[in-house]
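Visitor: I should like a close look at a single part of this protein, namely one place where two helices pack against each other. Please describe the packing and then its surroundings in one connected account.

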Amino acid sequence: MRDDHTTGTDPDVATLGRIETEIALLMRLGEATRRATGTAEHRVLDRAAYVILRHLDKAGPQNVSALAARLNLDGSTVTRQVSAMQRDGLIARTPDPADGRGTVISPTPAGLQRMAAVRAARTRLYGDILADWTGDDRDTLANLLHRLNEALDSRNRRR
């Protein structure tokens with residue numbers, strides 16, 4: 001009897017290898033696409049600021065510790081990012097009502113405007129890229145990417 005795990009022909013191992021390769025390519029091509037996109041809308045926010053603003057827009061104002069925990073980042077990293085965003089007028093700090101020693105971060109109208117511009121530009125870009133896909137295929141892709149992100153997030157939170 002043949003042991004597929006040692007020969008590398010196990011269908012699950014082969015599929016997982018394909019997934020690993022496709023994710024690596026997705027990350028590389030996503031970054032290359034971001035850099036190559038000529039419109040200014042894609043560049044009005046860096047990736048970190050975009051993710052922070054998207055989260056604050058969805059979840060509401062919060063302190064740096066909660067933000068860092070949600071984004072699976074070190075608090076000092078988020079503090080640096082938030083400080084830069086405050087200098088750029090993208091977020092505002094207000095006293096934390098639960099802890100007078102701390103602050104709560106919330107997006108400014110300018111921050112939300114830039115986030116909306118980037119989101120709209122990315123939506124148009126992916127609309128162009130996926131123009132020949134069926135609506136069902138796009139929906140399936142969105143659902144599977146959501147499941148993958150949830151699984152990655154869950155794994156990171158267990159660590």
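Guide: Helix 3 and helix 4 are roughly perpendicular to each other. In this predicted model, their axes cross at roughly 110° and come within 11 Å. An angle from 65 to 115 degrees counts as roughly perpendicular, and the crossing of roughly 110° therefore receives that description. Two packed helices are described by the angle between their axes and the distance between the axes.

The residues that form this contact may be named from each side. Helix 3 contributes Val51, Ile52, His55 and Leu56, while helix 4 contributes Leu67, Arg70 and Leu71. Sorted by class, the contact has five nonpolar residues, one polar residue and one charged residue. With Gly among the polar residues and Arg among the charged ones, the charged member of this contact is Arg70.

His55 deserves particular attention. This residue lies in helix 3 and belongs to the contact with helix 4. Its relative accessibility is 13%; buried means under 20%, so His55 counts as buried. Leaving aside neighbours within four places in sequence, His55 is in contact with Leu67, Arg70 and Leu71, the residues that helix 4 supplies to the packing. The contacts of His55 also include Gly60 and Gln62.

The loop between the two helices comes next. Helix 3 spans 47–59 and helix 4 spans 64–71, with Pro61 in the loop between them. Pro61 has a relative accessible area of 54%; because exposed means over 50%, Pro61 is classed as exposed. Not counting residues up to four places away in sequence, Pro61 touches Leu56, which is one of the helix 3 residues in the contact with helix 4. Pro61 also touches Val104, Ile105 and Ser106. A further spatial relation links Pro61 with Arg93: the two residues are 32 apart along the chain, and their C-alpha atoms are separated by 9.2 Å.

Helix 4 itself has another residue to consider, Ala69. At 44% relative accessibility, Ala69 counts as partly exposed. Ala69 and Arg157 are 88 residues apart in sequence, yet their C-alpha atoms are 8.6 Å apart in space. Arg157 falls within helix 7, which covers residues 135–158.

Beyond helix 4, the chain reaches Asn72, which is found in the loop between helix 4 and helix 5 (75–87). Most residues other than glycine have a negative phi. Asn72, although not a glycine, has a positive phi of about 55°. Its relative accessibility is 34%, and Asn72 counts as partly exposed.

Helix 7 also holds Arg138, which is partly exposed with a relative accessible area of 35%. Leaving aside neighbours within four places in sequence, Arg138 is in contact with Gly127, Leu130, Ala131 and Trp133. Of these, Gly127 has its place in helix 6 (residues 109–129). Gly127 is likewise partly exposed, with a relative accessible area of 24%. Arg138 and Gly127 are eleven residues apart in sequence, and the distance between their C-alpha atoms is 9.6 Å.

One further detail concerns a ring and a charge. The charged end of Arg122 sits over the ring of Tyr50, 4.2 Å from its centre. Aromatic pairs, by contrast, number zero in the structure.

To place the helix pair in its wider setting, the protein has seven helices and two strands. Read along the sequence, these elements follow the pattern α-α-α-α-α-β-β-α-α. Of the 159 residues, 21% count as buried, and His55 belongs to the buried class. Among contacts between residues at least 6 apart in sequence, 47% join residues at least 24 apart.

Methods: Residues numbered from 1 in each chain as written. Predicted model: local features only at pLDDT ≥ 70, side-chain atom pairs only at ≥ 80, totals over all residues. Heavy atoms only, no water. Helix = DSSP H or I, 4+ residues; strand = E, 2+ residues; numbered from the N terminus. Buried < 20%, exposed > 50% of the residue type's maximum accessible area, 1.4 Å probe, protein only. Contact = heavy atoms within 4.5 Å. Phe/Tyr/Trp six-rings, centres within 6.5 Å; stacked < 30°, edge-to-face > 60°. Lys NZ or Arg CZ within 6 Å of the ring centre and 35° of its normal. Axes fitted to C-alpha atoms, helices over the stretch in contact; angles between N-to-C directions. Parallel < 35°, antiparallel > 145°, perpendicular 65-115°, else oblique.
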